[in-house]
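Reader: Please choose one part of this model and give me a close look at it, residue by residue where that helps. I would like the surroundings of that part to be worked through as well, in a connected account.

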Amino acid sequence: MKLNFTLDEIRIKVEEYIKKAGRVAGRPVLTVYYVMTADTTPESERANIMLALVAIVFPTSIEDLLGQIFLVGKGAAAVYAYKKVKKFITPQILDRVEAKLDEWFHENVTEVVEPLYLE
């Protein structure tokens, strides 16, 4: 299993996931991605968020190990990650998230459709 990913590889995986999961499920994932890649997020906070996300994502056997080491479970890790990410969400990040979701899901594109007449 590969553990070292470039930002481009992560971006591609995030995009694939969001396009499968949908706009509502994708919004928090994309928000976390932009917070993690923002210059305004301190490196130490990125590391803390990443550790919490690892605790959430890894299978139960590793969760047990991480839970023993960090004294947290998946729920506590999720709350911790949410609080950390929330501190670094800026209006610019929110705008980028919505613009990217609009681009991927074309929801703000209006299309003229000829009415269907039943005779």
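Author: A helix here is a DSSP run of H or I that spans at least four residues, and helices are numbered from the N terminus. With that in hand, the part to look at is I49, which is placed in helix 3, and the model in which this residue sits is a predicted one. For orientation, the protein chain contains six helices and zero strands, so that, read from the N terminus on, its elements follow the order α-α-α-α-α-α. Of its 119 residues, 26% count as buried, and among contacts in the chain with a separation of 6 or more, 60% are accounted for by residues 24 or more positions apart.

Is I49 buried or exposed? I49 counts as buried because its relative accessibility is 0%, and the cut-off for that class is under 20% relative accessible area. Once residues up to four places away in sequence are left out of the count, I49 touches M36, K84 and V85. A further link along the chain is given by Y82, which lies 33 residues from I49 in sequence while the two C-alpha atoms are separated by 8.4 Å.

One of these partners, M36, leads to the packing of helix 2 against helix 3. In that contact, V32, M36 and T37 of helix 2 meet R46, I49, M50 and L53 of helix 3, and the residues involved divide into five nonpolar, one polar and one charged. Two packed helices are described by the angle between their axes and the distance between the axes. For helix 2 (residues 23-37) and helix 3 (residues 43-57), the axes come within 10 Å and cross at roughly 145 degrees, in a crossing that is left-handed.

Another partner of I49, K84, leads to E45, a second residue that lies in helix 3. E45 is a charged residue by type, yet E45 counts as buried because its relative accessible area is 13%. The side chains of E45 and K84 are joined by a polar contact of 3.0 Å, and when neighbours within four places in sequence are left aside, E45 is in contact with K84, K87 and F88. K84 is thus found among the contacts of I49 and also among those of E45.

From helix 3 the account can be carried back to helix 2, where T31 has its place. T31 is buried, with a relative accessible area of 9%, and its side chain reaches the backbone oxygen of R27 at 2.7 Å. Leaving aside neighbours within four places in sequence, T31 is in contact with I89, I93 and V97.

Which residues of the largest nonpolar core touch the most other members? This core has 15 residues, and those that touch the most other members are I18, L30, Y34, I93, V97 and L101; I93 and V97 are thus contacts of T31 as well as members of this group. The elements that give two or more residues to the core are helix 1 (7-21), helix 2 and helix 6 (91-105), and helix 2 supplies the largest share, five residues. In soluble globular proteins, nonpolar side chains tend to be buried together.

Among the core residues just named, I18 is found in helix 1, and I18 counts as buried because its relative accessibility is 0%. Not counting residues up to four places away in sequence, I18 touches G26, V29, L30, L101, W104 and F105. L30 is twelve residues from I18 along the chain, and the C-alpha atoms of the two are separated by 8.0 Å.

The contacts of I18 with L101, W104 and F105 belong to the packing of helix 1 against helix 6. The two helices pack at an angle of about 65 degrees, with their axes 11 Å apart, and their crossing is right-handed. On the side of helix 1 the contact is made by E15, I18 and K19, and on the side of helix 6 by L101, W104 and F105. These residues divide into four nonpolar, no polar and two charged.

To return to the starting point, I49 is buried at 0% relative accessibility, and through M36 this residue takes part in the contact of helix 2 with helix 3.

Note on methods. Residues numbered from 1 in each chain as written. Predicted model: local features only at pLDDT ≥ 70, side-chain atom pairs only at ≥ 80, totals over all residues. Heavy atoms only, no water. Axes fitted to C-alpha atoms, helices over the stretch in contact; angles between N-to-C directions. Left-handed = near helix turned anticlockwise from the far one by under 90°. Contact = heavy atoms within 4.5 Å. Buried < 20%, exposed > 50% of the residue type's maximum accessible area, 1.4 Å probe, protein only. Polar contact = N/O pair within 3.5 Å; in protein donor to acceptor, adjacent residues only side chain to side chain. Core = buried A, V, L, I, M, F, W, Y, C linked by side-chain atoms within 4.5 Å.
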